[in-house]
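User: I'd like to learn how to read helix packing and a few other local features in a model like this one. Can you walk me through it?

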Amino acid sequence: MHPIPLFFYLEALIVAAAIRESVVHLNWGGWIAVYSDNLNTVQIHNSLAALPSMNWMLMDMVNIILAHDVDFRVFHVSGSKNTIADHLSCLHNHDTSNTVPGLSIQSFQPPQRTLGATEK
């Protein structure tokens, strides 16, 4: 098994979780755009090719996408231009709310598989 740097794993997980959470709020056949400052994360989500230890994440995301007939794309944005993600990753929620008035910030619960839960 290839070791995955934790920051890359977490970035990929957040994008997959964002897509998974978003599909339930869209009309059938909708579109999702996600922006990430991590090129590896952008590439694995757009190519659907990853290390074997991360394939479960992509497969789960694709199953949700297909079930809701949603298209998605992950775009690269440089970290210096991604002020919202920077504020959120530093837990500066007040700064985020000032940048985007009316933004709803909610907690994130990772999928159980990422927490070491066993599959049946």
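User: How do the axes of α1 and α2 cross?

Analyst: Two packed helices are described by the angle between their axes and the distance between the axes. Here, α1 (residues 6-23) and α2 (residues 39-47) have axes that come within 9 Å and cross at roughly 45°. That makes α1 oblique to α2. For the terms: helices (H or I, at least four residues) and strands (E, at least two) are DSSP runs, numbered from the N terminus. Axes are lines fitted to C-alpha atoms, for helices over the stretch in contact, with angles running from 0 to 180 degrees between N-to-C directions. Angles under 35 degrees count as roughly parallel, over 145 as roughly antiparallel, 65 to 115 as roughly perpendicular and the rest as oblique.

This is a predicted model: local features need pLDDT of at least 70, side-chain atom pairs count only at pLDDT 80 or more, and totals for chains, interfaces and linings use all residues. Residues are numbered from 1 along each chain as its sequence is written, and side-chain values use heavy atoms, leaving out hydrogens and water.

User: Which residues of α1 and α2 meet?

Analyst: From α1, Phe8, Glu11, Ala12, Val15 and Ala16 meet Asn40, Thr41, Ile44 and His45 of α2 (contact means heavy atoms within 4.5 Å).

User: And at what angle do α1 and α3 cross?

Analyst: Their axes also come within 9 Å, but cross at roughly 15°, so α1 and α3 are roughly parallel to each other. On the α1 side the contact uses Tyr9, Ala12, Leu13, Ala16, Ile19, Arg20 and Val23, and on the α3 side Trp56, Met57, Asp60, Met61, Ile64 and Ile65.

User: What about backbone angles: what sign does phi of Leu48 have?

Analyst: Most residues other than glycine have a negative phi, and most peptide bonds are trans. Leu48 has a positive phi of about 60° without being a glycine, and sits in the loop between α2 and α3 (55-67). Asp69, in the loop between α3 and β2 (71-76), also has a positive phi, near 50°. Leu48 is partly exposed at 41% relative accessible area, and Asp69 is partly exposed at 39%. Buried means under 20% relative accessible area, exposed over 50%, partly exposed in between (1.4 Å probe, protein chains only).

User: Last one: which side chains along β1 are buried?

Analyst: In β1 (residues 31-36) the side chains alternate: Ile32, Val34 and Ser36 point to one face and are buried, while Trp31, Ala33 and Tyr35 point to the other and are not. Ile32 has Phe72 in β2 as its bridge partner.

Note on methods
Pairing = 2+ DSSP bridges.
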